[in-house]
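Reader: I have a model open and would like to go through it step by step. Can you help me read it?

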Amino acid sequence: QVQLVESGGGLVQPGGSLRLSCAASGFTFSSYGMSWYRQGPGKERELVAAITSAGGSTNYAASVKDRFTISRDNAKNTVYLQMNSLKPEDTAVYYCNAGRRPFGSWGQGTQVTVSS
């Protein structure tokens, strides 16, 4: 079965950096585009970044463009989100999933808290 395990979140000061990882299994990872989503307190889940199956193209929400970078390592079945210049409004639970047609089963996500 499909399994998505997010990790790398934590507490960081404004202006700091974190790198999130998503370990995937149960499907042919290299055949799927992948995305990162986040959900802040009282908000709906939001798409923040996407990457094509071979990693050739990326896309970002305007709120994170130029600060976040999505990447993937198909040999490791892992997608990453490098988060720089973090702001308090980036505080959320971050999730990964397939990009075009997300799987019905989501992981637990990883909490990112940006606070001084």
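Author: What follows covers a sheet, a disulfide and a pocket. This is a predicted model, where local features need pLDDT of at least 70, side-chain atom pairs count only at pLDDT 80 or more, and totals for chains, interfaces and linings use all residues. Residues are numbered from 1 along each chain as its sequence is written, and side-chain values use heavy atoms, with hydrogens and water left out.

Reader: OK, the sheet. What is the order of the four strands in the open sheet?

Author: The order is 1-3-8-7, with antiparallel pairing. Strands here are DSSP runs of E, at least two residues long, numbered from the N terminus, and two of them pair if DSSP finds at least two bridges between them.

Reader: Which strands stand at the edges?

Author: Strand 1 (3–7) and strand 7 (68–73) do; each has a single partner strand, so one side of each is left without a neighbour in the sheet. On average, neighbouring strands of this sheet are turned by 15° against each other, direction ignored. That angle is taken between axes, lines fitted to C-alpha atoms.

Reader: How many bridges join strand 1 to strand 3?

Author: Five, with strand 3 covering residues 18–25. One facing pair is Ser7 and Ser21 in strand 3. Ser21 also has Tyr80 in strand 8 as a bridge partner, and strands 3 and 8 pair over six bridges.

Reader: And what stands opposite Ser71?

Author: Tyr80 in strand 8. Strand 7 and strand 8 (residues 78–83) are joined by six bridges and run antiparallel.

Reader: Switching topic. Which residues does the disulfide join?

Author: Cys22 and Cys96, with S to S at 1.7 Å. The rule asks for cysteine sulfur atoms within 2.5 Å, and the count comes to one disulfide. Cys22 lies in strand 3 and Cys96 in strand 9 (residues 92–98), so the pair ties together parts that are 74 residues apart in sequence.

Reader: Is Cys22 buried or exposed?

Author: Cys22 is buried, at 0% relative accessibility. Cys96 is buried too, at 0%. Buried means under 20% relative accessible area, exposed over 50%, and partly exposed in between, with a 1.4 Å probe and protein chains only.

Reader: Last one: what is the volume of the largest pocket?

Author: About 170 Å³, counted as the space filled by probe spheres set on the grid points. A pocket is an open set of points on a 1 Å grid where a 1.4 Å probe fits, with protein on both sides within 12 Å along at least five of seven lines; lining residues have an atom within 4 Å of a point. Of the 15 lining residues, the closest to the centre are Gly33, Met34, Ile51, Gly99 and Arg100.

Note on methods. Axes fitted to C-alpha atoms, helices over the stretch in contact; angles between N-to-C directions.
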